[in-house]
Each structure stands twice: as C-alpha cells, then as structure tokens.
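Here is my notebook page for today, written up so that you can follow along. I looked things up one at a time and jotted down what I found.

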Amino acid sequence: MSIELVHIGFNNIIVINRVIAIASPNSAPTKRTIHEARNNGQLIDMTNGRRTKAVIIVDSGHIILAALTPETIAGRVQASRLESDTEQIAPV
C-alpha cells in the first residue's frame, strides 16, 4: 500500500490513506467534535488563521481543520488517484 499525500492549502499536506471523513464545520455535531478534540489535545489546525471550511477526521482520532472546502480536497484526492492510475498503466 503506497502513501498518498494531498495538499490542503498553505503548504500543509496530509496522508489521505488515513482519512476517515471530510466534513463541513457548520453542523452542531461537527462543532462538538472540534470542541472535544481541542480539549483532548487532538486538534490540528492547518488553516493558518483563515476560516475553517473543512474538518478532516483521521484514523488516529485526530481532527484536522483546513481552510479549503471539502469539495476542493475531494477533487484533489480524485486528481491524485487518476494521476497514479495513469502512471501504472503507462506504456513500456
């Protein structure tokens, strides 16, 4: 299993293989999850002071805040997977 890295803005990169979910920060349950992670020391803020537009939940229990929208991050994941698929199929 290879490690897939995805850029989430402001020179921040995450390992997409460890991501469980990418959510919008607007709902009450997501806000509660962010608050609990902050209290437990499991919150990673990668917004560089910008407004939080995506909340990324990883398998280690950490919560990552990103300034890019969930759609943008998902698009980058799709693009990286398409790119890796074409590299594997490249003619010899």
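**Entry 1: a starting point**

In which segment is Ile3 found? I looked it up, keeping in mind that this is a predicted model. Ile3 sits in the segment before strand S1, which covers residues 5-7. Next I wanted to know whether Ile3 is buried or exposed. Its relative accessibility is 64%, and exposed means over 50%, so Ile3 counts as exposed. I also found Ile3 in a nonpolar surface patch, together with Leu5, Ile13 and Val15. That patch comes to about 380 Å².

**Entry 2: His7**

I moved on to His7, which belongs to strand S1. With a relative accessible area of 35%, His7 is partly exposed. I then listed its contacts, leaving aside neighbours within four places in sequence: Asn12, Ile13, Leu68 and Arg76. I also checked His7 against Thr69: they are 62 residues apart along the chain, and their C-alpha atoms are separated by 12 Å.

**Entry 3: the sheet**

How are the strands of the open sheet ordered? I read the order as S3-S5-S6-S4, four strands with mixed pairing. Strands S3 (19-23) and S4 (43-46) are at the edges; each has a single partner strand, so one side of each has no neighbour in the sheet. From one strand to the next, the twist averages 20°.

I took a closer look at one pair. S3 and S5 (residues 54-58) run in the antiparallel sense, paired over four bridges. For Ala23, I found Val55 as the bridge partner in S5.

Then I looked for a helix beside these strands. Helix H1 (residues 28-40) lies across S4, S5 and S6 (63-66), and I noted an angle of about 115° between H1 and S6.

**Entry 4: salt bridges**

How many salt bridges does the structure hold? I found two.

One joins Glu4 to Arg81, with the closest N and O atoms 3.3 Å apart. This pair links distant parts of the chain: Glu4 is in the segment before S1, and Arg81 is in helix H2 (residues 70-89), 77 residues apart. Arg81 is partly exposed, at a relative accessible area of 38%.

Another joins Asp59 to Arg18, where the closest N and O atoms are 2.9 Å apart. Asp59 is in the loop between S5 and S6, while Arg18 is in the loop between strand S2 (13-15) and S3, so the pair ties together parts 41 residues apart in sequence. I checked both partners for exposure: Asp59 is partly exposed at 45% relative accessibility, and Arg18 is partly exposed with a relative accessible area of 42%.

Key
Residues numbered from 1 in each chain as written. Predicted model: local features only at pLDDT ≥ 70, side-chain atom pairs only at ≥ 80, totals over all residues. Heavy atoms only, no water. Pairing = 2+ DSSP bridges. Helix = DSSP H or I, 4+ residues; strand = E, 2+ residues; numbered from the N terminus. Axes fitted to C-alpha atoms, helices over the stretch in contact; angles between N-to-C directions. Contact = heavy atoms within 4.5 Å. Patch = residues over 30% accessible without salt bridge, like charges linked within 9 Å, V, L, I, M, F, W, Y side chains within 5 Å. Areas by Shrake-Rupley, 256 points an atom, 1.4 Å probe, with all protein chains shown as cover. Salt bridge = Lys/Arg side-chain N within 4 Å of Asp/Glu carboxyl O. Buried < 20%, exposed > 50% of the residue type's maximum accessible area, 1.4 Å probe, protein only.
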